[in-house]
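Trainee: I'm new to this one, and the labels people use confuse me. Could we go through them and check each against its definition?

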Amino acid sequence: MPRISPFMLVQVAERPLLRISGKMKVTDLPTRLPALFMKLADYIGEFAMAPAENPYVAFSGAVPEDMTVAVCFPMAASLPGRDDIESVVEPAGHRAYCMYQGDYQQMIPMYEEMDKWITSQ
(Lines give C-alpha, C1' and ligand atoms only; values in the text may rest on other atoms or scores of the structure.)
Protein backbone atom coordinates (compact mmCIF):
# COMPACT_ATOMS: atom_id res chain seq x y z
CA MET A 1 0.00 0.00 0.00
CA PRO A 2 1.46 3.39 -0.95
CA ARG A 3 0.68 5.11 2.35
CA ILE A 4 3.92 6.86 3.27
CA SER A 5 3.07 8.08 6.77
CA PRO A 6 1.17 6.74 9.75
CA PHE A 7 -2.38 7.85 10.43
CA MET A 8 -2.38 10.83 12.75
CA LEU A 9 -4.84 13.14 14.43
CA VAL A 10 -3.65 16.70 14.04
CA GLN A 11 -4.99 19.85 15.68
CA VAL A 12 -5.78 22.54 13.14
CA ALA A 13 -6.31 26.19 14.08
CA GLU A 14 -9.08 28.17 12.46
CA ARG A 15 -7.83 29.38 9.11
CA PRO A 16 -9.10 30.88 5.87
CA LEU A 17 -8.93 28.69 2.83
CA LEU A 18 -9.96 28.53 -0.77
CA ARG A 19 -11.49 25.31 -1.98
CA ILE A 20 -13.22 23.67 -4.87
CA SER A 21 -15.35 20.71 -3.94
CA GLY A 22 -17.74 18.33 -5.60
CA LYS A 23 -18.78 14.74 -6.01
CA MET A 24 -16.60 12.56 -8.19
CA LYS A 25 -15.65 8.98 -8.80
CA VAL A 26 -12.20 7.67 -8.01
CA THR A 27 -11.69 7.03 -11.73
CA ASP A 28 -12.04 10.79 -12.35
CA LEU A 29 -9.34 11.81 -9.86
CA PRO A 30 -6.26 11.51 -12.15
CA THR A 31 -7.63 14.14 -14.52
CA ARG A 32 -9.81 16.29 -12.28
CA LEU A 33 -7.47 16.83 -9.30
CA PRO A 34 -4.56 18.33 -11.27
CA ALA A 35 -6.98 20.63 -13.10
CA LEU A 36 -8.52 21.80 -9.81
CA PHE A 37 -5.09 22.41 -8.24
CA MET A 38 -4.08 24.49 -11.27
CA LYS A 39 -7.34 26.45 -11.21
CA LEU A 40 -6.79 27.40 -7.56
CA ALA A 41 -3.11 28.18 -8.11
CA ASP A 42 -3.93 30.42 -11.08
CA TYR A 43 -6.62 32.19 -9.07
CA ILE A 44 -4.43 33.03 -6.08
CA GLY A 45 -1.69 34.05 -8.52
CA GLU A 46 -4.00 36.85 -9.65
CA PHE A 47 -3.59 38.27 -6.13
CA ALA A 48 0.19 37.65 -6.08
CA MET A 49 -0.32 35.27 -3.16
CA ALA A 50 0.68 31.71 -2.35
CA PRO A 51 -0.86 29.16 0.00
CA ALA A 52 0.10 29.68 3.65
CA GLU A 53 0.53 25.92 4.10
CA ASN A 54 0.63 22.89 1.86
CA PRO A 55 -2.50 22.48 -0.25
CA TYR A 56 -4.37 19.26 0.41
CA VAL A 57 -7.24 17.10 -0.76
CA ALA A 58 -10.01 16.10 1.63
CA PHE A 59 -12.17 13.07 0.89
CA SER A 60 -15.50 12.17 2.43
CA GLY A 61 -18.41 9.97 1.55
CA ALA A 62 -18.65 6.54 0.01
CA VAL A 63 -15.63 5.37 -1.94
CA PRO A 64 -15.28 4.89 -4.88
CA GLU A 65 -18.52 5.98 -6.49
CA ASP A 66 -20.02 8.83 -4.49
CA MET A 67 -17.30 10.63 -2.66
CA THR A 68 -17.02 14.33 -2.06
CA VAL A 69 -13.59 15.65 -2.89
CA ALA A 70 -12.33 19.08 -1.83
CA VAL A 71 -9.10 20.60 -3.08
CA CYS A 72 -8.08 23.08 -0.38
CA PHE A 73 -5.52 25.87 -0.25
CA PRO A 74 -4.96 27.24 3.29
CA MET A 75 -4.38 30.98 3.06
CA ALA A 76 -2.82 33.59 5.36
CA ALA A 77 -5.70 35.98 4.62
CA SER A 78 -9.18 35.58 3.19
CA LEU A 79 -9.65 36.06 -0.52
CA PRO A 80 -13.00 36.38 -2.26
CA GLY A 81 -14.48 33.32 -3.92
CA ARG A 82 -15.36 33.20 -7.59
CA ASP A 83 -17.49 30.78 -9.60
CA ASP A 84 -16.86 27.32 -8.09
CA ILE A 85 -13.99 28.59 -5.90
CA GLU A 86 -15.28 28.98 -2.34
CA SER A 87 -13.74 31.25 0.26
CA VAL A 88 -14.38 29.66 3.67
CA VAL A 89 -13.05 29.69 7.19
CA GLU A 90 -12.09 26.20 8.25
CA PRO A 91 -13.01 25.79 11.92
CA ALA A 92 -10.42 24.73 14.44
CA GLY A 93 -10.47 21.06 15.35
CA HIS A 94 -8.92 17.67 14.88
CA ARG A 95 -8.29 16.20 11.44
CA ALA A 96 -7.27 12.70 10.49
CA TYR A 97 -4.18 12.85 8.32
CA CYS A 98 -1.82 10.67 6.37
CA MET A 99 0.38 11.06 3.33
CA TYR A 100 -0.31 8.90 0.32
CA GLN A 101 1.78 8.56 -2.80
CA GLY A 102 0.55 6.44 -5.63
CA ASP A 103 -2.22 5.64 -8.03
CA TYR A 104 -5.65 6.95 -7.10
CA GLN A 105 -7.21 3.58 -7.93
CA GLN A 106 -5.09 1.97 -5.20
CA MET A 107 -6.07 4.40 -2.47
CA ILE A 108 -9.42 2.77 -1.73
CA PRO A 109 -7.99 0.17 0.71
CA MET A 110 -6.02 2.93 2.48
CA TYR A 111 -9.17 5.08 2.71
CA GLU A 112 -11.08 2.14 4.23
CA GLU A 113 -8.23 1.45 6.66
CA MET A 114 -8.19 5.10 7.72
CA ASP A 115 -11.95 5.05 8.27
CA LYS A 116 -11.56 2.06 10.63
CA TRP A 117 -8.68 3.82 12.39
CA ILE A 118 -10.77 6.97 12.91
CA THR A 119 -13.62 4.92 14.34
CA SER A 120 -11.24 3.25 16.81
CA GLN A 121 -9.89 6.56 18.17
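Mentor: Sure, let's take the labels one by one. This is a predicted model, where local features need pLDDT of at least 70, side-chain atom pairs count only at pLDDT 80 or more, and totals for chains, interfaces and linings use all residues. Residues are numbered from 1 along each chain as its sequence is written, and side-chain values use heavy atoms, with hydrogens and water left out.

Trainee: What is the mean pLDDT of the protein chain?

Mentor: The mean is 89, and 96% of the residues reach 70 or more. pLDDT is the predictor's confidence in each residue, on a scale from 0 to 100. Strand 5 (residues 86-90) has the highest confidence at 97, while strand 3 (residues 56-62) has the lowest, at a mean of 81. Helices (H or I, at least four residues) and strands (E, at least two) are DSSP runs, numbered from the N terminus.

Trainee: How do you know that the span of helix 1 agrees with what is expected?

Mentor: The expected span is 1.5 Å times one less than the number of residues. Helix 1 (residues 29-45) has 17 residues, so it should span 24 Å, and its end C-alpha atoms are indeed 24 Å apart.

Trainee: Which residues of helix 1 are buried?

Mentor: They are Leu29, Leu33, Leu36, Leu40, Tyr43 and Ile44. Because they cover an arc of only 100° around the axis, they sit on the same side of helix 1. That arc is taken from the directions from the helix axis to the C-beta atoms. On the other side of helix 1, Thr31 and Met38 are exposed. Buried means under 20% relative accessible area, exposed over 50%, and partly exposed in between (1.4 Å probe, protein chains only).

Trainee: Why is Ala52 called partly exposed?

Mentor: Its relative accessibility is 45%, so Ala52 counts as partly exposed. Ala52 lies in the loop between helix 1 and strand 3. The C-alpha atoms of Ala52 and Met75 are 4.7 Å apart, although 23 residues separate them along the chain.

Trainee: What makes Arg3 and Glu113 a salt bridge?

Mentor: A salt bridge is a side-chain nitrogen of Lys or Arg within 4 Å of a carboxyl oxygen of Asp or Glu. For Arg3 and Glu113 the N to O value is 3.0 Å, so the pair fits that definition. The pair links distant parts of the chain, with Arg3 in the segment before strand 1 and Glu113 in helix 2 (residues 108-120), 110 residues apart. A search of the whole structure finds 7 salt bridges.

Trainee: Which residue forms a salt bridge with Arg19?

Mentor: Glu86, with the closest N and O atoms 3.0 Å apart. Arg19 is in strand 2 (residues 15-24) and Glu86 in strand 5, so the pair ties together parts 67 residues apart in sequence.

Trainee: Is Glu90 buried or exposed?

Mentor: Glu90 counts as buried because its relative accessibility is 12%. Glu90 forms a salt bridge with Arg95, the closest N and O atoms being 3.5 Å apart. Arg15, Glu53, Glu90 and Arg95 are linked in a network of salt bridges.

Trainee: What makes Ile4 part of a nonpolar patch?

Mentor: Patches are made of residues with over 30% relative accessible area and no salt bridge; nonpolar side chains (Val, Leu, Ile, Met, Phe, Trp, Tyr) are joined within 5 Å, like charges within 9 Å. Ile4 has a relative accessible area of 48%, so it is partly exposed. Ile4 forms the patch with Met8, Tyr97 and Met99, and together they have about 350 Å² of accessible area. Accessible areas come from the Shrake-Rupley method with a 1.4 Å probe; for residues, only the protein chains shown count as cover.
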